[in-house]
Amino acid sequence: MAWLSLLPLAIDLVLALTLLWLAWRALTSPDLFRAVVLFIALGLVLGLVWVRLDAVDIALAEIALGAGVTGALLLAALAKLQPAESQTDEVAMMAPIALRLPIALLLIALLTGLGLVVWQLWVPAPGLSNLVDARLDEAGVAYPVTAVLLNFRGYDTLLELAVLLLALIGVWSLSTAPHLGDEEPEPALAALSRLLAPLMILVAAYLVWVGAYAPGGAFQAGSVLGAAGVLLRLSGWRLSLSATGWPLRLVLVLGVAVFAFIGLAVIGFGQPLLGYPQGWAKPAILTIELAATLSIGAILAALFIGGRP
Amino acid sequence: MPMLLSGADWATALVFVPLLAALACFLVPRAAGWLGLLAALLILLATLGLVQGLLADGPLRVAVGGWGAPLGIDLWADGLSAALLLMTSLVGLGVSVYAPGYFAAHPEQRRWFWPLWLLLWTALNGLYLSADLFNLYVMLEVLGLSAAALTALSGSATALNAAMRYLLVSLLGSAAYLLGVALLYHGYGTVDIALLGERIEAGAVATTALLVMSTGLLLKTALLPFHFWLPPAHGSAPAPVSALLSALVIKASFYLLLRLWLDLFSGLGGLLSALLPELLGLLGAAAVLWGSVQALRQRRLKLLIAYSTVAQIGYLFLAFPLAGAQVNALAWRAVLYLALAHGLAKAAMFLSAGSLLQFAGHDRIADLDRAVQRLPLTLTAFVLGGISIMGLPPSGGFVGKWLLLESAFTQGRWGLAIVVLLGGVLAAGYVFKVVGYAFTPTEIAQEGEAVPLTMQWSALLLAFGAILLGFSAPWLWPLLEVGAPFMQPVAEIGMAALKEIGAIPAAVVTGSGMLEAEILAGSEVGTGRETWIGAAP
């Protein structure tokens, strides 16, 4: 049974080669639609790689955000590009060989250098995971990744939420939303979305709750919620006109606002900025995560639709 | 009187006031103008509070969430961060006063300007206050995204193209920076700058991290040959945005580069840390000359000012070969003066250009048509800003260039000194080119739109600020020493040079010796910081 011990290595090799192959195909494909589909496949395989590296959280995020949401956004962008697309002359797009050669050499030198350094770091310096484990019982949640994201380094996460909101404000500043899903949806899609949307909302709620002690959390839950929103929109459901004003904007800012409010309010109780008082960490984190999930879902769906209402 | 608010509170306010104001502006667009102005005033107040605290108690370290590095994120403020925060809040207030008048004709642009600009401000303040490499990456992301969105605000095809290019460059720069952070974390197990400074060793990991992080930040700072994205972006954005991009956004990535260089990499030694400053100095010299010549050749006012920024960025890098060997920390102070003066002066110039654009409906330099008589305040602001850019006394730009020259002369670096002087002459050329056309009537007299006084005065006051900076040494100098960001107390030569140009009253230096005493106090605080870090796990 000696060959069984070689199995993991073989799987890793196959995954790595598939990854490289997909990346190369996606980059060289002249057909943009094909390239996007290959990119989504790349995201899925990358998710498997993260699973092999025992990083289930990153795998979830990679599949939900890297492959799912990004793929949907790329396809939506492609749909807008299509009418304007003209026949591009491939020869004209190629840079002259005199420019490509030095760039290629530079990249090879860079990659070699990086490879060398990574080789030297084969055994990395002891990171912070011991420290995280040692102080996990003060963090309010039993799962280290959630503890880092919402407590130890909550300041970063607060600003990451602001980045998402900022991306949406940037998109809204540029254009109004196209009339999407005005036409009668296909009956199959409508039936499917009636079935799937409640299920997806349930899954999102589960992911938030489970984040306290297992892989999950606001970003993954928010992306599922966003997908539910996209599905509903595609099947013809729309926000009523009165809800697209400040009520929608309130949902969009809720995550950052609640996080910032709690982070500042604790100062009034003699705590440092973003330092939850003893015993209050768990409810505070859960409140922030719920608000963040709602906002992330709404922002992702709004990004997919593209343009202000 | 006991202080009601501590330094930590002021630092918190500097990040959270603009953040919450941005959310409020997004929620209630109708009140955005007043909210933005109120936020700008509060931020200036918080900055002054922080500066007061730094002068009284020395450098500030705040453990966010109470965890402390390396587990949590720390904020850190010393003289270097305080000086840049001060410049940011002055320019920010000026632009916030200017913007309502400029955007009056474009309500849709005004609606998005406020949340984007306040998020940009959040990122700037957060960046100057952060002591954590990964947190700095997050700040860079907020900064790059909001800057690109602001560039695209006018919605014209040129602006969209420029913004897209800017976004891609900015993302590439961030990715390179992040790669360096990942390498450092894997190599040394922390992302806190102070702890890393203790643990880092010369070797392949540090060298590669230094190279990729510097390249990423140079892309964002637009040092020649990475300047290609700057003129279209700064030239096609709305004038208040151009002012923000040129005066503030560029400085943020430069500050980060300087911080990394001072705290992490300069002590490493080895061939690379000897060669890199020389290379940066060479690129800086090329940028000064090439940018100035390009500025002279421009026909549109905003592009001229944008190319002038390319040249002025070059000056900031002339200090690396002068100070890289740590012989003479005077060059760092020179560079800080230049950065502050450029921030105030360039903001004034871009705001003036915006007023002229609003007045005439175009910014062709040849058709300025007696603008001097018709918009005297605006032209005065432009000229005063230009004086600081040229480096004429008594402006802040003059002090910076003088210190740079002093530093170059004492080290016998004649080449660099010639570049400094030549850049000043070329700058005089392009400033006077604009002034000349502003005095000349065109063949067909042109009608002008009225320009609100808030727009004219905000530009003028910023320009006055750039001039007054030349007299600010007596209180700015001690502030710069808080936390000893430049590693060593002021060299004797620095005091002599300042006395020579009259930036410090001679009595202060020679008479009571008060300034020296303050500086010594600053450096003692610096030693305190080191013991503090040593005590950390």
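pLDDT is the predictor's confidence in each residue, from 0 to 100. I take two residues to be in contact if their C-beta atoms, placed from the backbone, lie within 7 Å.

Entry 1, ground rules. I am reading a predicted model, where local features need pLDDT of at least 70, side-chain atom pairs count only at pLDDT 80 or more, and totals for chains, interfaces and linings use all residues. Residues are numbered from 1 along each chain as its sequence is written, while chains are lettered from A and ligands numbered from 1 in the order in which they are written.

Entry 2, confidence. I noted ipTM 0.92 and pTM 0.91 for the model. For chain B I found a mean pLDDT of 87, with 89% of its residues at 70 or more. I then looked up two stretches of chain B where pLDDT stays under 50: residues 488–498, with 20 contacts beyond four places in sequence, and residues 502–537, with 46 such contacts.

Entry 3, the contact of chains A and B. I read 43 residues from chain A and 40 residues from chain B in this contact. H8(A) gives the largest share of the chain A side, 13 residues. Helices here are DSSP runs (H or I, at least four residues), numbered from the N terminus. By class, I have 29 nonpolar, 9 polar and 5 charged residues on the chain A side. Nonpolar covers Ala, Val, Leu, Ile, Met, Phe, Trp, Tyr, Cys and Pro; charged covers Asp, Glu, Lys and Arg; the others, Gly among them, are polar.

Technical notes. Helices (H or I, at least four residues) and strands (E, at least two) are DSSP runs, numbered from the N terminus.
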